[in-house]
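My notebook is open and the structure is on the screen. I'm going through it one piece at a time and jotting down what I look up.

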Amino acid sequence: MPVKILMVCLGNICRSPLAEGLLASKLPKDKFVVDSAGTGHWHVGKQPDERSIAVAKKYGHDISRQKGKQFSSADFDNFDYIYVMDGTNYNDVMELAKTDEQGAKVKLILDEMFPGDNVDVPDPYYGLQNGFETLYHMLDETCDIIAEKLIAKHS
């Protein structure tokens with residue numbers, strides 16, 4: 001049975017789809033499944049923001065076929081690891097956790113690079129184009145760390 005990882009941001013169109021695509025590209029597909037969701041419902045069924053698609057494509061990744069989903073309490077049963085992009089996402093997801101075991105699955109993604117510092121991945125939605133470039137490199141580096149840990153733990 002594959003290890004399942006969920007990336008979560010607010011709308012599931014900028015940060016979490018990019019994180020999904022990056023982490024999935026770094027893990028063996030026969031052992032790991034990566035997905036993404038948003039805490040909000042606004043973009044359910046829609047593809048990622050065109051700026052996330054463009055920056056992913058620039059570096060050889062195609063995230064254009066992803067469709068937005070909303071995080072639900074059932075995701076605690078369906079996923080082994082849940083990485084959230086910022087403190088607000090963390091609080092929103094933790095409100096749905098019914099047990100300590102479910103809550104233990106949730107981590108701020110940048111804690112992998114900056115343990116215990118509670119660093120948020122900035123939301124580039126209302127920013128300039130280069131915000132997506134910065135986002136890409138930040139998530140790429142973090143996903144390298146996550147992939148290395150997951151492969152070591154589950155191989």
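**Entry 1: the helix α1**

I started with which residues of α1 are buried, and the list reads Arg15, Ser16, Pro17, Leu18, Ala19, Glu20, Gly21, Leu22 and Leu23. That is 9 of the 12 residues in α1, so I'm noting this helix as mostly covered, with buried meaning under 20% relative accessible area. Reminder to self: this is a predicted model, not an experiment.

What do the buried residues of α1 pack against? I found β1 (3–9), β2 (32–38), α2 (50–58), α4 (87–96) and α6 (130–154) on the list.

Then I checked the length of α1, which covers residues 15–26. At 1.5 Å a residue, its 12 residues should span 16 Å. The C-alpha atoms at its ends are 17 Å apart, which agrees.

I also wrote down a bit of helix background. An α-helix has 3.6 residues a turn, so residues three or four places apart point the same way.

**Entry 2: the sheet**

Next I looked up the strand order. There is an open sheet of 4 strands, ordered β2-β1-β3-β4, and the pairing is parallel. β2 and β4 (106–108) stand at the edges with a single partner strand each, so one side of each has no neighbour in the sheet. From one strand to the next, the twist averages 25°.

I wanted to know what packs on this sheet, and α6 does, touching β1, β2 and β3 (81–84). The direction of α6 makes about 170° with that of β3.

**Entry 3: β1 and its partners**

How many bridges join β1 to β2? I got 7, and the two strands run parallel. I picked out some of the facing residues:

- Val3 sits opposite Phe32 in β2.
- Met7 has Ser36 of β2 opposite it.
- Val8 faces Ala37, also in β2.

For β1 and β3, I noted 4 bridges, again with the strands running parallel. Ile5 has Tyr81 as its bridge partner in β3.

Then came burial. In β1, 6 of the 7 residues are buried, so I'm putting this strand down as mostly covered. Following the chain from β1 through α1 to β2, I get a β-α-β crossover that is right-handed. β2 also has 6 of its 7 residues buried, so the rest of the structure largely encloses it.

One more bit of background for this page: in a regular strand the side chains alternate between the two faces of the sheet.

**Entry 4: salt bridges**

The structure holds 10 salt bridges, and I went through some of them.

Asp140 pairs with Lys26, with the closest N and O atoms 2.6 Å apart. Asp140 is in helix α6 and Lys26 in helix α1, so this pair links distant parts of the chain, 114 residues apart. Is Lys26 buried or exposed? Neither, quite: Lys26 is partly exposed, with a relative accessible area of 22%.

Lys58 and Glu133 meet through their side chains at 3.1 Å, N to O. Here too the pair links distant parts of the chain, with Lys58 in helix α2 and Glu133 in helix α6, 75 residues apart. Lys58 counts as exposed at 55% relative accessibility, while Glu133 counts as partly exposed at 22%.

Lys149 and Glu112 form a salt bridge at 2.6 Å, N to O. Lys149 lies in helix α6 and Glu112 in the loop between β4 and α6, so the pair ties together parts 37 residues apart in sequence. On exposure, Lys149 comes out partly exposed at 46% relative accessibility, whereas Glu112 is buried, with a relative accessible area of 10%.

Last one on the page: Arg15, Asp86 and Asp123 are linked in a network of salt bridges. I recognised Arg15 from my first entry, where it was among the buried residues of α1.

Notes: Residues are numbered from 1 along each chain as its sequence is written. This is a predicted model: local features need pLDDT of at least 70, side-chain atom pairs count only at pLDDT 80 or more; totals for chains, interfaces and linings use all residues. Side-chain values use heavy atoms; hydrogens and water are left out. The expected span of a helix is 1.5 Å times one less than its number of residues. Buried means under 20% relative accessible area, exposed over 50%, partly exposed in between (1.4 Å probe, protein chains only). Contact means heavy atoms within 4.5 Å. Two strands pair if DSSP finds at least two bridges between them. Axes are lines fitted to C-alpha atoms, for helices over the stretch in contact, and angles run from 0 to 180 degrees between N-to-C directions. A crossover is right-handed if, with the strands pointing away from the viewer, the path from the first strand over the helix to the second runs clockwise. A salt bridge is a side-chain nitrogen of Lys or Arg within 4 Å of a carboxyl oxygen of Asp or Glu.
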